[in-house]
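Reader: I would like a close look at a single part, the surroundings of the ligand, and a word on the sheet as well. Please give the cut-offs with the terms.

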Amino acid sequence: MHYVSTRATSASAARNPHGFSDILLGGLAPDGGLYLPADYPQVTGAELDAWRSLSYADLAYEILRKFATDIPEADLKALTAKTYTAEVYRNARADESAAEITPLRVLEEGAKGKLILQGLSNGPTLAFKDMAMQLLGNLFEYALAKNNDELNIFGATSGDTGSAAEYAMRGKRGIRVFMLSPHAKMSAFQTAQMFSLQDPNIFNIAVEGVFDDCQDMVKAVSNDLEFKARHKIGTVNSINWARVVAQVVYYFRGYLKATTSNEQKVSFTVPSGNFGNICAGHIARMMGLPIDKLVVATNENNVLDEFFRTGVYRVRKPAETFHTSSPSMDISKASNFERFVYELVGRDADRTHALFRKVDTHGGFDLSGAPGSDGDEFKRVAAYGFVSGCSKHEDRLNTIREVFDDYGITIDTHTADGIKVAREHLAPGVPMIVLETALAAKFNETILEALGTDAERPAGFENIEALPQRFVVMKADVAQMKAYIAERTSAERTAP
Ligand SMILES: *Cc1c(COP(=O)(O)O)cnc(C)c1O
């Protein structure tokens, strides 16, 4: 299995075949594109039958070995077994089994169709990002140990991604995490989750500024190629291929648990922001998993909903990007979307490159086929199963109340966006699986607004705000930041 960039000319792809391990620690391809397999591995009906009885960890192994062909199978099996355990994913609801890793819960089964919730948020940070990030931590540690190398992860977070990365990398040999966050701007719960980590390889840096200041500092450091190479700086953002492929597993799991025969189809609704999660669903479908619809659910930041309704992709300016009560979906552009567009234009890398150049120069592109548009491929979107919808604050409140009243469980705001949109796409005979992307405890303010009571906290999180916190406060000063990193990485310590 080898990987190509969505922007590579065929000549350059042929010259530089990349294996899974080559792209594991990286982000963007050098040409600015995203990596994808040269061909999608296919699954047979016999494989699906055999996989129905597997544990989550064994299923993950079966799927990953199709993509990570350069990792010895015994090693891969050990890595998935270590990652997908009931101990790591222990925050399942009291009436659900943690051993299931991503338990399914039927919410309703009526004339309109069957609505199922798949819990992806039972990992250490109570959000679905743990599903991939926990595996990434173990894969990184494995790959670095093999090459006797080390990696300093440097990133900025306003919440979910940073904490998922820290919990995945804590205590891992050869890895340090330097995570910037806007000082005193995250929720008390999120702050406590990150800053209470006492592991010596985790460095929380609270920047006196807003999230954009943090991101600007990450860009400034990343653009200093000499510093980056010298201090082995890397990232773990959502375009990382291994993260996407780890997410493919739970689509298979959801399908296998919701059906009894491969003749059946299911649909998935995915609360979406950067298109990383649902991109994994698209890949599962391309591999032959019998998925009918892939429903993209957005909040008020409806860049993706607009595209899937009209064929127009228009990224938003900062002033047009709303701060909502489902904040992990507050995006101005969708960083993984290029992976689907590449497919949509027939894997034409030159076309893909031109379209995304136009995003930089003109703020978007138009594939609607209208006079003056950039193409007419929007007409092919339906063949990939994609449909969409959006949800706003009032919808979230109503949905959280209805789900609580009707089924006795509290869902988080992002999942509420998913349920609201899923209900608009129910079809008899095709179960609709909504991915639960966070637990309600993480977004308690809105739960309080909707229900008048606090969200239930999983065991162990009761007094998290009272734990001692370990972090430094720093001005938004790039030189000071570089000095801080340099003092703590071994390149500086061993320098003559
Ligand atoms: C990251 C996140 C999302 C959006 O996922 P994408 O892969 O960016 O589409 C949705 N919900 C929650 C809770 C998240 O943390």
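Author: The ligand comes below, followed by the sheet.

This is a predicted model, in which local features need pLDDT of at least 70 and side-chain atom pairs count only at pLDDT 80 or more, while totals for chains, interfaces and linings use all residues. Residues are numbered from 1 along each chain as its sequence is written, and side-chain values use heavy atoms, with hydrogens and water left out.

Around the ligand there are 15 residues, of which Lys129, Asp160, Gly273, Asn274 and Asn277 come nearest (a residue is near if one of its heavy atoms lies within 4 Å). By class, this shell has five nonpolar, eight polar and two charged residues; Ala, Val, Leu, Ile, Met, Phe, Trp, Tyr, Cys and Pro count as nonpolar, Asp, Glu, Lys and Arg as charged, and the others, Gly among them, as polar.

An N or O atom in the side chain of aspartate 160 is 2.5 Å from an oxygen atom of the ligand. For glycine 273, a polar backbone atom is 2.8 Å from a ligand oxygen atom. Threonine 437 places a polar side-chain atom 2.9 Å from a nitrogen atom of the ligand. The protein buries 97% of the 390 Å² that the ligand exposes when taken alone (Shrake-Rupley method, 1.4 Å probe).

As for the sheet, five strands form an open one in the order S8-S5-S6-S7-S15, with parallel pairing (strands are DSSP E runs of at least two residues; two pair if DSSP finds at least two bridges between them). Strands S8 (233-234) and S15 (472-475) each have a single partner strand, so one side of each is left without a neighbour in the sheet.

How values were computed. Helix = DSSP H or I, 4+ residues; strand = E, 2+ residues; numbered from the N terminus. Polar contact = N/O pair within 3.5 Å; in protein donor to acceptor, adjacent residues only side chain to side chain.
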